[in-house]
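Subject: A structure for you to look at

Dear colleague,

I am passing on the structure we talked about, and I would be glad if you opened it beside this message. My notes follow directly after it, so that you can check each one as you read.

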Amino acid sequence: MLPPQSVPSERAPGVPEPEELWEAEMERLRCSGAPVRGLPYAMMDKRLIWQLREPAGVQTLRWQRWQRRRQTVERRLREAAQRLARGLGLWEAALYEIGGLFGTGIRSYFTFLRFLLLLNLLSLLLTASFVLLPLAWLRPPDPGPALNLTLQCPGSRQSQPGVLRFHNQLWHVLTGRAFTNTYLFYGAYQVGPESSLVYSIRLAYLLSPLACLLLCFCGTLRRMVKGLPQKTLLGQGYQAPLSAKVFSSWDFCIRVQEAAIIKKHELSNEFKVELEEGRRFQLMQQQTRAQRACHLLSYLRVNILIGLLVVGAISAIFWATKYSQDNKEESLFLLLQYLPPGVIALVNFLGPLLFTFLVQLENYPPNTEVNLTLMWCVVLKLASLGMFSFSLGQTILCIGRDKTSCESYGYNACDYQCWENSVGEELYKLSIFNFLLTVAFAFLVTLPRRLLVDRLSGRFWAWLEREEFLVPKNVLDIVAGQTVTWMGLFYCPLLPLLNSVFLFLTFYIKKYTLLKNSRASSRPFRASSSTFFFQLVLLLGLLLAAVPLGYVVSSIHSSWDCGLFTNYSAPWQVVPELVALGLPPIGQRALHYLGSHAFSFPLLIMLSLVLTVCISQTQANARAIHRLRKQLVWQVQEKWHLVEDLSRLLPEPGPRDSPGPKSPASQASRPRSFCPGFPCPGSPGPRAPPPVPSVVDAAGLRSTCPGLHGTPASARRFRFPSVAEL
């Protein structure tokens, strides 16, 4: 940062020389505590500032210089490792291409799919590390002969006649019966009594699903908070500075034509999202009270009709599941195996179509129409899975149902000797059916539709056009599959492995569908809003899977002749037994106190205090954001005053020169700051009025106009372009 050369020109009395301004700027930078790395100067100037900040007369010790070099090397290695991790990350190139061509909203769907794949791999790693490897390594003793129980049942199940042998193996694979005696299902895990074990397989098997759900909850919650929309914190009236995107979004390191095209599409999609949100906000502000009241009444009417449809749909799922379980002796048994998954798929396919038709009859705005349909689609998807789980519980575990075999054993022991395997098979079939449905729609519906639309002409084909790639619908499909996987962690421990394979293949199927067979959604999505919605639905699915699992683990009797918990009234009973065997009396009393009501009340009070503190901190942050926004506006106005002072101090422009900055009355036709939407680096704080009107604050001048360092006075005459010129 060399001192500016003086230029002979006429100066008003009291105006400081450029050398004085430069010295004042150097003194300010030397005394400032701002990091040198963040200053808007060249590397040579930053080295000079670094040298000026060294204590006078003190030589830097050798170990201090070595420590600085070490920190620099560590930072560079860390940045290089992060770049390498991003470069070697799963599907990074594909995600970059999708984000550039179709926007960040559609890219967030594929990123969410990758996140679910990582969650499934983490669950599989936990199960393999704490259950499968100890079983293979320790080789626990044989559990002994099974209990000889005599069941008083009204009749025995007959074999299914009329089944061709050629189809037996295929149907057994599709229904899961080919893997009944493998570690895929609960019944294959068997060990001896706890007193003879060095490592408790039962405890590991019990805690592994709970640990998986807890880790998935933490990861989802962290990602949900990270993707929280910024407008929630900045306020509804906040408008993103488009000028910042226009002038600072381009990457000048791009040298490849394909990368430039992708970057252009990405910027175009960002502008579409910003303009669409601005138009939506303007329409909402223009509504009158009468219009809002009419919309509210129409909302109530449509919601009541859609609610009745949802009730009918989940009732159909309940009766289909009940009929499939009660008629296993029929000759059409193999077809009835997939009756509940088929009804669920049919309901989830026809439901959104009916919802959209009912909403379109009311002539809602596009944004309201999409949000209302999406809300009910989420309700239908999760309610269908919840009703499927409840119907299985009523049929197998006799929940809310009186049956003779349930009085003695706690479950329907006549029809389901190993009821955990039966539930695991149902969830296995549902997962298989969801993936087969995805493949069928991609290659038997979307692909033929694209071929017909591209090769045939006519009004009908022009109206039909390519299928629209709907992000919410695809998200609900994979969330439903993930919810089924979480529901089956206890009954089918290796179901995350199966779902990982399905998610891996689904990524390439959906990518092919998006790039070749579909068109982008007409409604653009912001990535932060999409991510927040995805994680919210995923949390609801996690809650839907955790509640039945917690009830089964704590209250339902295990099967008598299969699995790890044959001699326990409930799987959770293994925890008190291990505590009594392995802990001293002091530890037992401590755990008993932690599980008693005497500890729950102080814990509830502590959580209430923590929640109160968090709410208070959130409110304080909101007030601080409001103050910072006001301070930002004040700083921009202060910079304009400095620029106007500069324009008055400079010599009058000639007839060919452009006029200086205009008065505040004409600020509507010019940008508000050199850094649109954000303060420039090193922006000045409140400045006291100078004793002489002609003196200009050097710090404010240089922070406002960083490009005027050492520039002659004749070259500092400029003007701001108007909106029309932009």
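Cysteine 418 and cysteine 562 are joined in a disulfide, with their sulfur atoms 1.9 Å apart, and please keep in mind throughout that this is a predicted model. The structure holds one disulfide, and the link between cysteine 418 and cysteine 562 is right-handed, with 90° about the S-S bond. This pair ties together distant parts of the chain, 144 residues apart: cysteine 418 sits in the loop between helix H15 (404–409) and helix H16 (419–455), while cysteine 562 sits in the loop between helix H20 (527–555) and helix H21 (574–582). Both partners are hidden from the surface, since cysteine 418 counts as buried at 14% relative accessibility and cysteine 562 is buried with a relative accessible area of 7%.

Why is cysteine 216 without a bond to cysteine 212? The sulfur of cysteine 212 is the closest cysteine sulfur to that of cysteine 216, yet it is 6.4 Å away, which is too far for a bond, because a disulfide requires the two sulfur atoms to be within 2.5 Å. Cysteine 216 is itself buried, with a relative accessible area of 1%, and cysteine 377 is buried as well, with a value of 11%.

Turning to the interior, the largest nonpolar core has 114 residues, and those with the most contacts inside it are Tyr109, Phe110, Phe112, Trp419, Trp486 and Phe565. Helix H5 (residues 104–138) gives the most to this core, with 14 residues. A second, separate core has seven residues, among them Trp22, Leu29, Val36 and Leu39. If you select phenylalanine 565 and leave aside its neighbours within four places in sequence, you will find it in contact with Tyr186, Arg202, Tyr205, Leu206, Phe490, Ser558, Ser559, Pro571 and Val574.

Helix H5 deserves a further look. H5 and helix H18 (residues 471–487) pack at an angle of about 10°, with their axes 10 Å apart, and the two helices are therefore roughly parallel to each other. On the H5 side the contact includes Gly105, Tyr109 and Phe112, and on the H18 side it includes Val471, Gln482 and Trp486. Glycine 105, which lies in helix H5, counts as buried at 4% relative accessibility, and although 168 residues separate it from valine 273 in sequence, their C-alpha atoms are 9.4 Å apart in space.

Before H5 in the numbering comes helix H4 (residues 92–102), whose buried residues are Ala94, Leu95, Ile98, Gly99, Gly100 and Phe102. These buried residues pack against H5, helix H10 (257–285) and helix H19 (495–517), and H4 is followed by glycine 103, whose phi is positive, near 100°.

Finally, an unreviewed UniProt entry lists several stretches under "transmembrane region", including residues 115–137 and 488–509. In the model, residues 115–137 are 100% helix and 0% strand, with the end C-alpha atoms 31 Å apart, whereas residues 488–509 are 68% helix and 0% strand, with the end C-alpha atoms 25 Å apart.

With best wishes

Terms used:
Residues numbered from 1 in each chain as written. Predicted model: local features only at pLDDT ≥ 70, side-chain atom pairs only at ≥ 80, totals over all residues. Heavy atoms only, no water. Helix = DSSP H or I, 4+ residues; strand = E, 2+ residues; numbered from the N terminus. Buried < 20%, exposed > 50% of the residue type's maximum accessible area, 1.4 Å probe, protein only. Core = buried A, V, L, I, M, F, W, Y, C linked by side-chain atoms within 4.5 Å. Contact = heavy atoms within 4.5 Å. UniProt positions renumbered as here; feature names shortened; annotations may be inferred. Axes fitted to C-alpha atoms, helices over the stretch in contact; angles between N-to-C directions. Parallel < 35°, antiparallel > 145°, perpendicular 65-115°, else oblique.
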